[in-house]
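Dear colleague,

I am passing on the structure we spoke about, and would be glad if you looked it over before reading my notes. What I found in it follows below.

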Amino acid sequence: MSLDILLVLARHSISGVPLAQIRLARALAGREHRVTLLYGTLDGHHAPIIPGVTIEEIGARQVRGMLWPLVRRLRRADPDLIFPAGDP
């Protein structure tokens, strides 16, 4: 069974928790799940290119600024699973 999975990160980074989320997204997509990485901000960096993973940026510079854009995103497309990153 294929799931629609949303991984939420405050900002893009190539280390720590964001890197773990990128690796998780790659593994889940490899198992035929529909995966989206939702960033608050990419901080001017290029989004990672991961086959089978959709990248979205909501343009929030701070974590607290992600609340309402995230609510709107969830109303538009309700995922089966949500994995929020553990760091602010």
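In which sense do β2 and strand β3 pair, and over how many bridges? The model is a predicted one, and in it β2 and β3 (residues 53–57) pair in the parallel sense over five bridges. Within that pairing, Val-53 in β3 is the bridge partner of Val-35.

The sheet as a whole is open and has four strands in the order β3-β2-β1-β4, with parallel pairing. Because β3 and β4 stand at the edges, each with a single partner strand, one side of each is left without a neighbour in the sheet. From one strand to the next the twist averages 20°.

Moving inward from β3, strand β2 (residues 34–41) also pairs with β1, again in the parallel sense, over seven bridges. Several positions along this pairing can be followed on the model: Asp-4 has Arg-34 in β2 as its bridge partner, Ile-5 stands opposite Val-35 in β2, and Leu-7 stands opposite Leu-37 in β2. Toward the other edge, β1 is joined by four bridges to strand β4 (residues 81–84), the two running parallel, and here Leu-7 stands opposite Phe-83 in β4. Strand β1 (residues 4–11) is mostly covered, with seven of its eight residues buried, and β2 is likewise mostly covered, with seven of its eight residues buried.

Turning to the helices, α1 (residues 16–30) forms a right-handed β-α-β unit together with β1 and β2. Helix α1 packs on the sheet, where it touches β1, β2, β3 and β4, and its direction makes about 165° with that of β1. Helix α2 (residues 67–76) lies across β1, β2, β3 and β4 as well, and runs at about 165° to β1.

As for the interior, nonpolar side chains tend to be buried together in soluble globular proteins. The largest nonpolar core in this model has 15 residues, of which Leu-7, Ala-25, Val-35, Leu-37, Tyr-39 and Val-53 touch the most other members. At least two residues of this core are supplied by each of β1, α1 and β2, and the largest share, four residues, comes from α1. Leu-7 is a useful residue on which to centre the view: leaving aside residues up to four places away in sequence, Leu-7 touches Gln-21, Leu-24, Ala-25, Leu-28, Val-35, Thr-36, Leu-37, Leu-38 and Phe-83. Apart from the largest core lies another, of six residues, which include Ala-10, Leu-38, Ala-60 and Met-66.

One backbone detail remains. Most residues other than glycine have a negative phi. Glu-32, however, has a phi near 75°, a positive value in a residue other than glycine. Glu-32 lies in the loop between α1 and β2, and is exposed, with a relative accessible area of 63%.

With best regards

Conventions:
Residues are numbered from 1 along each chain as its sequence is written. This is a predicted model: local features need pLDDT of at least 70, side-chain atom pairs count only at pLDDT 80 or more; totals for chains, interfaces and linings use all residues. Side-chain values use heavy atoms; hydrogens and water are left out. Buried means under 20% relative accessible area, exposed over 50%, partly exposed in between (1.4 Å probe, protein chains only). Two strands pair if DSSP finds at least two bridges between them. A crossover is right-handed if, with the strands pointing away from the viewer, the path from the first strand over the helix to the second runs clockwise. A nonpolar core is a set of buried Ala, Val, Leu, Ile, Met, Phe, Trp, Tyr and Cys residues joined through side-chain atoms within 4.5 Å. Contact means heavy atoms within 4.5 Å. Axes are lines fitted to C-alpha atoms, for helices over the stretch in contact, and angles run from 0 to 180 degrees between N-to-C directions.
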